[in-house]
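Me: Please give me a close look at one part of this model, with its partners and surroundings. I would like a single connected account, with the cut-off stated for each term.

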Amino acid sequence: MRCFFHLVSNHDEIIDNAGIEVQDLESAKAQALLAVEELRAEIGTEADDWSGWRLNIVCPLGTLLHSMQLIQTVH
């Protein structure tokens, strides 16, 4: 199944137009955690101010499959 990972806050959205193929939702969640860790490594200390941001995993039809708050994910 293809999943898309959108970064979303109350004011902004960073849309994933490519997505990735995963076996199931659990695999998508694991990939999302890896992506957040990579973002944190790239961004550095600016990642400490992610309050209000979440990563939404959606299917190709746009249905929300899972959402995780970034601030809880990185601590």
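Reply: Strand β1 is mostly covered, with six of its seven residues buried, where buried means under 20% relative accessible area, exposed means over 50% and partly exposed lies in between, computed with a 1.4 Å probe on protein chains only. The model is a predicted one, in which local features need pLDDT of at least 70 and side-chain atom pairs count only at pLDDT 80 or more, while totals for chains, interfaces and linings use all residues. Residues are numbered from 1 along each chain as its sequence is written, and side-chain values use heavy atoms, with hydrogens and water left out.

As a setting for β1, the chain contains two helices and five strands, both taken as DSSP runs numbered from the N terminus (H or I over at least four residues for a helix, E over at least two for a strand). Along the sequence these elements follow the order β-β-β-α-β-β-α, and 32% of the 75 residues of the chain count as buried. The mean pLDDT, the predictor's confidence in each residue from 0 to 100, is 86 for the chain, and 88% of the residues score at least 70. Confidence is highest in strand β3 (residues 20-21), at 96, and lowest in helix α2 (residues 70-73), at a mean of 66. Where pLDDT is low, the predicted coordinates should not be read in detail.

β1 pairs with β2, β3 and β4, where pairing requires that DSSP find at least two bridges between two strands. With strand β2 (residues 13-14) there are two bridges in the antiparallel sense, and L7 has I14 as its bridge partner there; four residues make up the connection in the hairpin that joins β1 to β2. With β3 the pairing is again antiparallel and rests on two bridges, R2 standing opposite E21. With β4, β1 runs antiparallel over five bridges, among them those that match F4 with V58 and V8 with R54.

The R2 and E21 positions also meet through their side chains, in a salt bridge of 3.4 Å from N to O, the term being used for a side-chain nitrogen of Lys or Arg within 4 Å of a carboxyl oxygen of Asp or Glu. This contact links distant parts of the chain, since R2 in β1 and E21 in β3 are 19 residues apart. E21 counts as exposed, at 53% relative accessibility, whereas R2 is partly exposed at 30%. The structure holds two salt bridges; the other pair is K29 and E26, at 3.2 Å from N to O, and both of these residues lie in helix α1, three residues apart, or about one turn of the helix.

Beyond β1, the pairing carries on through β4 (residues 54-58), a strand that is itself mostly covered, with four of its five residues buried. β4 is joined to strand β5 (residues 64-69) by five bridges in the antiparallel sense, including N56 with S67 and I57 with H66. These two strands form a hairpin with five residues between them, and G62 in that turn has a positive phi of about 90°. M68 of β5 counts as buried, at 10% relative accessibility, and its C-alpha atom is 6.6 Å from that of N56, although the two residues are 12 apart along the chain.

β1 also contributes to the largest pocket, a pocket being an open set of points on a 1 Å grid over the protein atoms alone, with protein on both sides within 12 Å along at least five of seven lines, and its lining residues having an atom within 4 Å of a point. The space in this pocket is about 220 Å³, a volume being the space filled by probe spheres set on grid points that are joined across faces, edges and corners. Its lining has 15 residues, of which F5, D16, Q31, A35 and L55 lie nearest the centre, and the elements that give two or more residues are β1 (2-8) and α1 (25-43). Helix α1 gives the largest share, six residues. By type the lining divides into 11 nonpolar, two polar and two charged residues, with Ala, Val, Leu, Ile, Met, Phe, Trp, Tyr, Cys and Pro taken as nonpolar, Asp, Glu, Lys and Arg as charged, and the others, Gly among them, as polar.

Conventions:
1 Å grid on protein atoms, 1.4 Å probe; cavity = no way out; pocket = protein on both sides within 12 Å on 5 of 7 lines; lining within 4 Å.
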